[in-house]
Amino acid sequence: MATAAVRMFRRLEGLFCVYKPSGVHWKLVRDNIETALLKGLNAAPSQPCPQEVRFLTHPGSDTDAPKGLTLSVASVPVLSKHHLVTGPEFQRIRVGVGHRLDAFSSGVLVLAVGNGNKVLNNLYRTRITRDYTLEGEFGTATDDFSHTGRVVERSTYDHITQDKLDRVLAMLQGANQKALLMYSSADMHTQEAYEMAVQGLLGPEGKSLPILTGLRCIHFQPPNFTLEVQCLNETQKYLRKVVHEIGLELRSTAVCKRVRRTRDGPFTLQDALTHHHWTAADVMHAIRQYHFSKKNKKHSQSHVRKPGLQPREENTTVSQQNETDEEAAPAGRIQ
């Protein structure tokens, strides 16, 4: 029979996300969560110590017994199985990390427990996109494209307007859209490519260069501005470099002051657990919520794909001819 800790661990297996603060390494976040989960698992009620039958000797009242001793049957606990002797039931728990964030970035960080690591690997094979919020500042260039780096150049920015910024963003997005089609393995002249593009599944196979699938300005107040970015296969250093290149395209300079991930695939900021909620109970609730939303999504998709009632054809000859033409058409071509 499984113990309470084992049953609790089975409910912990799955995916969840936390909010990683800026200035903290992702390894420290993972280690803190592992410690909290181990503490919660080992705090579960332990099974009672098993009993065994033993023959106990003690001085007897009968003087005719050998050496004056008598034997009695008693049930005593097996101290070698006591939890104070065996130690904690769980010594280590495996917590996997999804797409990582560097120390100076913040936002959604996806984690997996136990068998959820396999689900995590499958999730990142589906070419999921991630959303970021980038805060930039015109007028300065640094060696690492961030505001904390060594300043290498200063420039003016009075000539920059939001219309000019929007034109540069549209140009960058168009160039990345061409790269998205170039790295995609699907034939652009097939029905399959059209359906993948409609569903938003068109993308590169495996690892590729970073691609920006969406780019827009959500706040503009020179010298400060804020961008909303949707991307694939990115790194936070690459996103800082994008802010730097935007400044160069506008005949100025720019540095990135903040990188914040707001979405990683199906996980958003609303799903992220803050530091005060990195406990076994909260993680278990977050994993349950993810499984529940995933089941609802599959149910809604199956309901949409279910064919509705079609009107009965009066002219059966025409319908049969249409079915024959569809079967004779080459598979995968746009009709």
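What share of the contacts in the chain with a separation of 6 or more is accounted for by residues 24 or more positions apart? In this predicted model, the share is 70%. One pair shows such a distance along the sequence. Arg-288 and Leu-15 are 273 residues apart in sequence. In space, their C-alpha atoms are 9.1 Å apart.

The chain has 335 residues, and 38% of them are buried. Its secondary structure comes to nine helices and twelve strands. The chain exposes about 21,200 Å². Carbon and sulfur atoms supply 53% of that area.

Asn-117 was examined in detail. This residue sits in helix 4, which covers residues 116-123. Its relative accessibility is 8%. Buried means under 20%, so Asn-117 counts as buried. What lies around Asn-117, leaving aside its neighbours within four places in sequence? Asn-117 is in contact with Arg-94, Val-95, Gly-96 and Ala-112. Its side chain also has a polar atom 2.7 Å from the backbone oxygen of Gly-114.

Further along the chain, strand 9 (211-221) is followed by a loop that leads to strand 10 (224-232). Pro-223 belongs to this loop. The bond between Pro-222 and Pro-223 is a cis peptide bond. Its omega is about 5°.

Two residues that are not glycines have a positive phi. For Asn-233, phi is about 55°. For Arg-251, phi is about 60°. Both are loop residues. Asn-233 is placed between strand 10 and helix 7 (236-249). Arg-251 is placed between helix 7 and strand 11 (254-264). Is each of these residues buried or exposed? Asn-233 has a relative accessible area of 17%, under the 20% limit, and is therefore buried. Arg-251 reaches 75% relative accessibility, over the 50% limit, and therefore counts as exposed.

Arg-288, the partner of Leu-15 in the pair described above, lies in helix 8. This helix covers residues 280-305. The relative accessibility of Arg-288 is 44%. That value falls between the limits of 20% and 50%, so Arg-288 counts as partly exposed.

Methods:
Residues are numbered from 1 along each chain as its sequence is written. This is a predicted model: local features need pLDDT of at least 70, side-chain atom pairs count only at pLDDT 80 or more; totals for chains, interfaces and linings use all residues. Side-chain values use heavy atoms; hydrogens and water are left out. Helices (H or I, at least four residues) and strands (E, at least two) are DSSP runs, numbered from the N terminus. Buried means under 20% relative accessible area, exposed over 50%, partly exposed in between (1.4 Å probe, protein chains only). A polar contact is a pair of N or O atoms within 3.5 Å; within protein, one must be able to donate a hydrogen and the other to accept it, and residues adjacent in sequence count only if both atoms are side-chain atoms. Contact means heavy atoms within 4.5 Å. Accessible areas come from the Shrake-Rupley method with a 1.4 Å probe; for residues, only the protein chains shown count as cover.
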